[in-house]
Amino acid sequence: MSPLQSAWLLLGVSVLAEVLGSVGLKYSAGFSRPLPSALTVVCYACAVWLMALATKRLEMGLAYASWAAASTAATAVIGIVCFDESVSSLKLAGIALTVCALVALNLGEAATH
C-alpha cells in the first residue's frame, strides 16, 4: 500500500471514529451516562489523532473537507435509519449534495496531479 493510500485509509478510519463518537454522544444523554460519555471522548480523540496522521500525506483542506463531508453524510443517514430521525426529500437531497461535493473535491485533487 502506498503512503497516499495509507493516508486515505487513516482518514476513513478517522471518519468511522467520529461517527461512532457522534452515536456515543446521542447515548450519553448530555454526558450523564459514563460509558457512552467515555466512548464519545475516546472516539473523538481517536478521530482527531488519525486525521492528524492522515494530514502528513494529504492536503489539509482536502482531508478536512473529506472528513467533514463523509462524517456529516454518514451521521445523518445513521440518524434516519437507527434513531428514527425525520426524513424529507430536502434532507435526502442535502445528503446527496454532500456526497457529490466530496466526490468533486477528490476528483479536483486527482486532476491536479
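Student: Is Asp 84 buried or exposed?
Tutor: In this predicted model, Asp 84 sits in the loop between helix 3 and helix 4 (89-111). Its relative accessible area is 71%. The cut-off for the upper class is over 50%, so with 71% Asp 84 counts as exposed.

Student: What phi does Asp 84 have, although it is not a glycine?
Tutor: Most residues other than glycine have a negative phi. Asp 84, which follows helix 3, does not have a negative value: its phi is positive. The angle is about 55°.

Student: Where is Ala 29 found?
Tutor: Ala 29 is another residue other than glycine with a positive phi, near 55°. Ala 29 belongs to a loop, the one between helix 1 and helix 2.

Student: How does Ala 29 count by relative accessibility?
Tutor: The class between the two cut-offs runs from 20% to 50% relative accessible area. Ala 29 has 46% relative accessibility, so the residue counts as partly exposed.

Student: How many helices does the secondary structure of the protein chain come to?
Tutor: From the N terminus on, the elements run α-α-α-α. The chain has zero strands. Its helix count is four.

Student: What percentage of the 113 residues of the protein chain count as buried?
Tutor: The C-alpha trace spans about 45 × 35 × 20 Å along its principal axes. A residue is put in the buried class at under 20% relative accessible area. Of the 113 residues, the share in that class is 28%.

Student: Are helix 1 and helix 2 roughly parallel or roughly antiparallel to each other?
Tutor: Helix 1 (residues 3-27) packs on helix 2 (residues 34-54) with the axes 7 Å apart and an angle of about 160° between them. Angles over 145 degrees fall in one named class. Helix 1 and helix 2 are therefore roughly antiparallel.

Student: Is the crossing in which helix 1 passes helix 2 left-handed or right-handed, and how many nonpolar residues has the contact?
Tutor: Helix 1 passes helix 2 in a left-handed crossing. By class, the contact of helix 1 with helix 2 includes five polar residues and one charged residue. The nonpolar residues in this contact number 18.

Student: What are helix 1 and helix 3 to each other, by the class of their angle?
Tutor: Helix 1 and helix 3 have axes 9 Å apart and pack at an angle of about 40°. The crossing of helix 1 past helix 3 is right-handed. Angles under 35 degrees count as roughly parallel and 65 to 115 as roughly perpendicular. The angle of about 40° fits neither class, and helix 1 and helix 3 are therefore oblique.

Student: How far does helix 3 reach from its first C-alpha to its last?
Tutor: Helix 3 (residues 60-82) has 23 residues. At 1.5 Å a residue, the expected span is 33 Å. The model comes close to this, with a reach of 32 Å.

Student: Which are the buried residues of helix 3?
Tutor: The set contains a tryptophan, Trp 67, and a glycine, Gly 79. The remaining members are Leu 62, Ala 63, Ser 66, Ala 69, Ser 71, Ala 73 and Ile 80.

Student: How far apart do the end C-alpha atoms of residues 62-83 lie?
Tutor: The unreviewed UniProt entry annotates residues 37-55, 62-83 and 89-108 as "transmembrane region". In the model, residues 37-55 are 95% helix and 0% strand, with end C-alpha atoms 27 Å apart. Residues 62-83 are also 95% helix and 0% strand. For residues 62-83, the end C-alpha atoms lie 30 Å apart.

Student: How far apart in space are Val 48 and Leu 11, C-alpha to C-alpha?
Tutor: Val 48 lies in helix 2 and is exposed, with a relative accessible area of 56%. Val 48 and Leu 11 are 37 residues apart in sequence. Their C-alpha separation in space is 9.6 Å.

Student: What separates the C-alpha atoms of Cys 46 and Ser 32, in Å?
Tutor: Cys 46 lies in helix 2 and is partly exposed, at a relative accessible area of 33%. Along the chain, Cys 46 and Ser 32 are 14 residues apart. In space, their C-alpha atoms are separated by 21 Å.

Student: How far apart in space are Gln 5 and Ala 54, C-alpha to C-alpha?
Tutor: Gln 5 lies in helix 1 and counts as partly exposed, at 47% relative accessibility. Gln 5 and Ala 54 are 49 residues apart in sequence. Their C-alpha atoms are apart in space by 9.8 Å.

Technical notes:
Residues are numbered from 1 along each chain as its sequence is written. This is a predicted model: local features need pLDDT of at least 70, side-chain atom pairs count only at pLDDT 80 or more; totals for chains, interfaces and linings use all residues. Side-chain values use heavy atoms; hydrogens and water are left out. Axes are lines fitted to C-alpha atoms, for helices over the stretch in contact, and angles run from 0 to 180 degrees between N-to-C directions. Helices (H or I, at least four residues) and strands (E, at least two) are DSSP runs, numbered from the N terminus. A crossing is left-handed if the near helix is turned anticlockwise from the far one by less than a right angle, and right-handed if clockwise. Ala, Val, Leu, Ile, Met, Phe, Trp, Tyr, Cys and Pro count as nonpolar, Asp, Glu, Lys and Arg as charged, and the others, Gly among them, as polar. The expected span of a helix is 1.5 Å times one less than its number of residues. Buried means under 20% relative accessible area, exposed over 50%, partly exposed in between (1.4 Å probe, protein chains only). UniProt positions are given in the numbering used here, feature names are shortened, and annotations may be inferred rather than shown by experiment.
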